[in-house]
Amino acid sequence: MNVQRFQEKGIQSGFKRSVAFSFWDGFVHLLFPSSCLVCQGELLRAEQICCSVCFSELMFTRFENEQEPTPLDQLFWGRVDVVATYALLYYEKTNNVKPLLQALKYNNRPDVGIFFGKLLGNKLLEQANFSSVEVLIPVPIHRKKRYDRGYNQSEQLVKGMCMIWKLQIDKKLVSKRMHTQSQTKFGRFRRWDNVENQFYVDKGIGRYKHIALVDDVITTGATLEAIMKEIRLISPEIQISVISLALAK
Ligand SMILES: [Zn+2]
């Protein structure tokens, strides 16, 4: 067979394969049309998670274009030293981000984490202040919660990020301790004390110079602050950055 015939055959079989795949995709789409997580409208085949209209209306932080310290940088001022911070979206109780976060956290949609993780990876890949990050660490959830939910939502974000930004994932360096007594039984001071003792950090963290913690949504920053303080007890000089899908407004 000459080269040209061989190439034609390759192109033809590739063409047949792609026709077969798109036929199958179309068939599946016809049987199980998926709907937008925000407006519930039917999704087009190229759309994932939400329709392009709802996607365009998401409240992006655009922190990547910011020259001044962002509200997320400021959140940790005077509390704990952070090298760089980034959040992709603003979360408000009334905005489009809420149903997406809910789906990721409570409605068995780990694919939402992968989808936004890839977006985060694309945003951060070129950011100079994140360039020395060696490992991504998802904020852990308790083992029972993970079992009930089937996955850790922050880990899904990290998985998506690593598809674009070729970094290591380490989910064993920081873990959540067993549930302590119900926090509501304590007063304000004890409750804070309780948050601080919820995390366990493995000594192996000492082999890294710059790590990034990854969370799904940041509100007060208390959880991340507690983890960072625990990490610095083991490795006082370590550089820590923070990445989140959303920042509460
Ligand atoms: Zn929509």
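Helices (H or I, at least four residues) and strands (E, at least two) are DSSP runs, numbered from the N terminus. The structure is a predicted model, in which local features need pLDDT of at least 70 and side-chain atom pairs count only at pLDDT 80 or more, while totals for chains, interfaces and linings use all residues. Residues are numbered from 1 along each chain as its sequence is written, and side-chain values use heavy atoms, with hydrogens and water left out.

Helix α5 holds I114, and F116 is also placed in helix α5, which covers residues 110-124. Accessibility is given here as relative accessible area, with buried meaning under 20%, exposed over 50% and partly exposed in between (1.4 Å probe, protein chains only). I114 has a relative accessible area of 18% and is therefore buried. F116, at 0% relative accessibility, also counts as buried. Both residues have a partner distant in sequence. The C-alpha atoms of I114 and C162 are separated by 9.6 Å, with their positions 48 residues apart along the chain. For F116 and M161, 45 residues apart along the chain, the C-alpha separation is 8.1 Å. A further pair involves strand β6, where L213 lies. L213 is buried, because its relative accessible area is 1%. From L213 to V158 the C-alpha distance is 9.5 Å, and the two are 55 residues apart in sequence.

A zinc ion is coordinated by the SG atoms of C36, C39, C51 and C54, at 2.3 to 2.4 Å. Donors are N, O and S atoms within 2.8 Å of the metal (3.2 Å for Na, K and Ca); water is not among the atoms, so sites may look incomplete. The angles among the 4 donor atoms are 103 to 116°, and the site is tetrahedral. Four donors count as tetrahedral if all angles lie between 85 and 135 degrees; four count as square planar and six as octahedral if opposite donors are over 155 degrees apart and all others between 65 and 115, and anything else is irregular. Along the chain, the donors of the zinc ion follow the spacing C-x2-C-x11-C-x2-C. The pair C39 and C54 links distant parts of the chain: C39 is in the loop between α1 (3-31) and α2 (52-56), whereas C54 is in helix α2, 15 residues apart. C39 counts as partly exposed because its relative accessibility is 42%. C54, by contrast, is buried at 5%, and C51 counts as buried at 10%.

No disulfide is present: a search of the whole structure finds 0, a disulfide being a pair of cysteine sulfur atoms within 2.5 Å. C50 is in no disulfide, and the nearest cysteine sulfur, that of C36, is 5.1 Å away. C50 has a relative accessibility of 4% and so counts as buried.

Two residues stand out in backbone geometry. Most residues other than glycine have a negative phi. Q40 is not a glycine, yet has a positive phi of about 70°. Q40 is found in the loop between α1 and α2, and its relative accessibility of 54% means that Q40 counts as exposed. R62, likewise not a glycine, has a positive phi of about 55°. The loop between α2 and α3 (71-75) contains R62, which counts as partly exposed at 47% relative accessibility.

Pockets were searched on a 1 Å grid over the protein atoms alone: a cavity is a set of points where a 1.4 Å probe fits but cannot get out, and a pocket is an open set with protein on both sides within 12 Å along at least five of seven lines, lining residues having an atom within 4 Å of a point. Grid points are joined across faces, edges and corners, and a volume is the space filled by probe spheres set on the points. The largest pocket has a volume of about 690 Å³. Its lining comprises 29 residues, of which K105, D215, D216, V217 and T223 lie nearest the centre. At least two lining residues each come from α4 (97-106), α6 (143-149), α7 (153-164), β6 (210-218) and α9 (222-234). The most is given by α4, with 5 residues. By type, the lining divides into 12 nonpolar, 10 polar and 7 charged residues. In this division Ala, Val, Leu, Ile, Met, Phe, Trp, Tyr, Cys and Pro count as nonpolar, Asp, Glu, Lys and Arg as charged, and the others, Gly among them, as polar.
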